[in-house]
Amino acid sequence: MPDRDKGPRKVTSFDVARVAGVSRAAVSRAFTPDASVSPKTREKVYQAAKELGYRVNYLARSLTNKRSDLVGVVAAGLDNPFRTLQIEHLARVLLARNFRPILLPTSQEADTSTVIGQLLHYAVSGVIVTSDAPPTTICEQCAAEGVPIVLINKGNDIPFVDRIISDDRMAGHLAATHLIEIGVRKPAVMAAPVISYTARRRSEAFIARCKQLGAEPRFLQIRINDYRSGYDAAGELAASGIDGLFCANDFMACGVLDRIMLGRSRDDVPPISVIGHDDIPQASWTAYELTTIRQPCDIQAEQTVDLLMSRIAEPDLAARVEFTPVTLIRRRTA
């Protein structure tokens with residue numbers, strides 16, 4: 001009489017092999033991307049697996065292979081809509097390439113040793129570190145373990161670590177040129193350059209281009225490139241005489257626009273043209289209609305995973321840098 005407390009027996013690869021009439025090795029190859037197996041055998045295995053309700057245990061496989069198909073995505077600033085969009089595109093591309101993303105949130109204040117431990121315990125095949133996450137210790141430890149790494153929008157130049165960087169210099173150039181062309185006479189850029197490599201590069205390029213065009217831009221430094229910092233800093237615009245503003249990201253620009261709208265209801269904020277960066281979904285909302293610099297997450301994700309896969313295949317390649325193109329998206333605010 002069966003033991004009801006034990007429940008149904010778990011289906012194994014041996015069961016699939018028996019029903020399909022193939023070897024267990026053939027079952028393994030059938031569920032391994034790019035493995036050598038005939039279409040007929042693969043179909044027999046898939047059919048048997050479907051009939052039996054078999055699912056591959058990828059974590060168990062990683063114990064055997066010493067490396068899983070997991071890819072760690074280390075990210076901070078998850079309140080920023082751009083980060084959500086970026087991670088979504090990375091996840092889609094990783095899944096399409098037969099990897100499985102594992103998100104590891106962190107912050108500037110986080111204990112990076114905890115993140116490193118999680119990555120290494122899962123025997124990840126690679127690591128992607130996004131712009132606001134602290135990378136140095138993570139990169140050094142993972143590199144020591146032979147784990148391939150790609151950084152997105154980071155300035156750190158680390159041996160055998162690849163980088164994808166948005167074309168921030170072109171972004172600053174485009175923003176400055178557009179503001180001057182529409183008649184702005186007192187331009188400014190708002191950013192937190194101390195903690196952000198991309199904000200620093202965008203600001204420098206904006207200032208340089210403004211000077212080329214005969215304008216003397218102001219630099220409005222804030223602590224964090226977020227909504228609240230933009231909102232608070234915009235309170236000083238009324239007395240500044242600034243008539244054109246480039247914000248280091250759209251998240252901040254939305255805060256600026258909301259404060260400007262509040263000020264206009266009180267008649268204490270003059271007209272000001274605003275340009276953001278990233279082209280988050282909210283930028284096109286009727287409440288904002290924000291002119292911005294688009295940083296295409298879909299292209300960036302493909303570039304990132306391409307570099308990661310080639311690094312996995314050839315770990316000793318010299319460190320590489322690729323740039324993601326940007327474009328100006330014109331809307332109501334400038």
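Student: What kind of crossing does H5 make as it passes H13?

Tutor: H5 passes H13 in a right-handed crossing; the term applies if the near helix is turned clockwise from the far one by less than a right angle, and anticlockwise would make it left-handed. Please keep in mind that this is a predicted model, where local features need pLDDT of at least 70, side-chain atom pairs count only at pLDDT 80 or more, and totals for chains, interfaces and linings use all residues. Residues are numbered from 1 along each chain as its sequence is written, and side-chain values use heavy atoms, with hydrogens and water left out.

Student: Why are H5 and H13 called oblique to each other?

Tutor: The axes of H5 (residues 81-96) and H13 (residues 297-313) come within 9 Å and cross at roughly 50 degrees. Angles under 35 degrees count as roughly parallel, over 145 as roughly antiparallel, 65 to 115 as roughly perpendicular and the rest as oblique, so H5 and H13 are oblique. Axes here are lines fitted to C-alpha atoms, for helices over the stretch in contact, with angles from 0 to 180 degrees between N-to-C directions. Among the residues making the contact (heavy atoms within 4.5 Å) are Phe-82, Leu-85 and His-89 of H5 and Ala-301, Val-305 and Leu-308 of H13.

Student: What makes H1 and H3 oblique to each other as well?

Tutor: The axes of H1 (residues 13-20) and H3 cross at roughly 120 degrees and come within 9 Å, so H1 and H3 are oblique. Their crossing is right-handed. The contact includes Val-16 and Val-19 of H1 and Val-45 and Ala-48 of H3.

Student: Why does Lys-50 count as exposed?

Tutor: Lys-50 has a relative accessible area of 68%, and exposed means over 50%, buried under 20% and partly exposed in between (1.4 Å probe, protein chains only). Lys-50 is therefore exposed. Lys-50 lies in H3 (residues 39-52), helices being DSSP runs of H or I with at least four residues, strands runs of E with at least two, numbered from the N terminus.

Student: And why does Gly-172 count as buried?

Tutor: The relative accessibility of Gly-172 is 0%, so Gly-172 is buried. Gly-172 sits in H8 (residues 168-181) and, not counting residues up to four places away in sequence, touches Arg-202, Ala-205, Phe-206 and Phe-246.

Student: What makes the aromatic pair of Tyr-227 and Tyr-231 stacked?

Tutor: Their centres are 6.3 Å apart, with 20 degrees between the planes. Rings of Phe, Tyr and Trp (its six-membered ring) pair if their centres lie within 6.5 Å; planes under 30 degrees apart count as stacked, over 60 as edge-to-face and the rest as tilted. The pair is therefore stacked. Tyr-227 and Tyr-231 both lie in H10 (residues 227-233), about one turn of the helix apart, and they form one aromatic cluster with Phe-251. At 25% relative accessible area, Tyr-227 is partly exposed.

Student: Which residues have the most contacts inside the largest nonpolar core?

Tutor: Met-190, Leu-237, Leu-245, Val-256 and Val-274 do, in a core of 28 residues. Such a core is a set of buried Ala, Val, Leu, Ile, Met, Phe, Trp, Tyr and Cys residues joined through side-chain atoms within 4.5 Å. S6 (187-191), S8 (244-247) and H12 (250-265) each supply at least two residues of this core, and H12 gives the most, with 6 residues. Apart from this core lies another, of 18 residues, among them Val-74, Val-127, Cys-139 and Ile-158.
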